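Hi there,

Here is the structure I promised to pass on. Have a look at it first, and my notes follow below.

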Amino acid sequence: MAELDSSSNSSSSGSTFFNRSFTMHAKTAEPDAPKVHLLLNNPSSLNRAASISKIYNSIDSVKGKVKKLCNLFESAKSSSTSTELSPKVVLRPAKSIGYSSSFSSSFNNPLIRLPGTEDRIVVYLTSLRGIRRTYEDCYAVRMIFRGFRVWVDERDVSMDSAYKKELQSVLRKKNPSLPQVFIKGKYVGGADVIKTMFEVGELAKILEDFPRIQQPGLVCDCCGDVRFVPCGNCSGSRKVFDEDEGLLKRCLECNENGLIRCPNCCS
């Protein structure tokens, strides 16, 4: 009996040993299954993986763009070095060609003349800033002539409509562009022609015969370089009282704006 008990005890202990080992291995193998199940059934984890792959793809695309930019800069550097190594070509301005082709035809045109101005420089311009390009061209031409210290008969068409009509009749155009320059009664051209003549040195040759102003940059005390002052006869109202008829009449000494030419700087 004792032997049977011992054998039964040993068999039970062996079975418990095997059962323990089996349960140990089963317990260690069980947690892996739910983890895989959670990974497969959890959409957030899949989204994270997709977002991570997108980030890597964007990084790769940025790297490709950076490489392209580096290649462009390297090609630009190589082209600049090649141009530096190549011999430089110096271009000389063709003064006589430019003057003879574009200026002489207008300057020596006998059909476009401004009578009574053979001893002066006349510039038709505007002081209004409604059109920026036109105002800048007029200002540039004024500054060019002031740099030569010569007196210029500036005729502002925005201050006196008679100058606009006069320019239209001389150029035979309904809407001539501004500014327009006449030198010694001869038509020269607009702002582009004056700027080009100034750059190539032809304008300085033409203005050699004109007297120079002794005090350059001096502003007229009477009109402030506006070239117009209010009429002294009607005080700018354009109306005068006729004592004989007892009526108000239009002043004949001023223009439509009640202004006259400055007697100090335009006489």
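**Helix 7 and the core around it**

The buried residues of helix 7 are covered by, among others, strand 1 (121-125), strand 2 (153-156), strand 3 (180-183), strand 4 (186-189), strand 5 (228-230) and strand 8 (259-261). Helices (H or I, at least four residues) and strands (E, at least two) are DSSP runs, numbered from the N terminus.

This is a predicted model, in which local features need pLDDT of at least 70 and side-chain atom pairs count only at pLDDT 80 or more, while totals for chains, interfaces and linings use all residues. Residues are numbered from 1 along each chain as its sequence is written, and side-chain values use heavy atoms, leaving out hydrogens and water.

In helix 7 (residues 161-171), the buried residues (under 20% relative accessible area, 1.4 Å probe, protein chains only) are Tyr-163, Leu-167, Val-170 and Leu-171. They line one face of the helix, because they fall within an arc of 85° seen down its axis (directions from the axis to the C-beta atoms). At the start of helix 7, a side-chain oxygen of Asp-160 comes to within 3.1 Å of the backbone nitrogen of Ala-162. Just after the helix, Arg-172 has a positive phi of about 60°.

The largest nonpolar core (buried Ala, Val, Leu, Ile, Met, Phe, Trp, Tyr and Cys joined through side-chain atoms within 4.5 Å) has 36 residues, and Tyr-124 is one of those touching the most other members. Strand 1 gives the most to this core, with 5 residues. Leaving aside neighbours within four places in sequence, Tyr-124 has contacts (heavy atoms within 4.5 Å) that include Tyr-163 and Leu-167.

Best wishes

Note on methods. Buried < 20%, exposed > 50% of the residue type's maximum accessible area, 1.4 Å probe, protein only. Polar contact = N/O pair within 3.5 Å; in protein donor to acceptor, adjacent residues only side chain to side chain.
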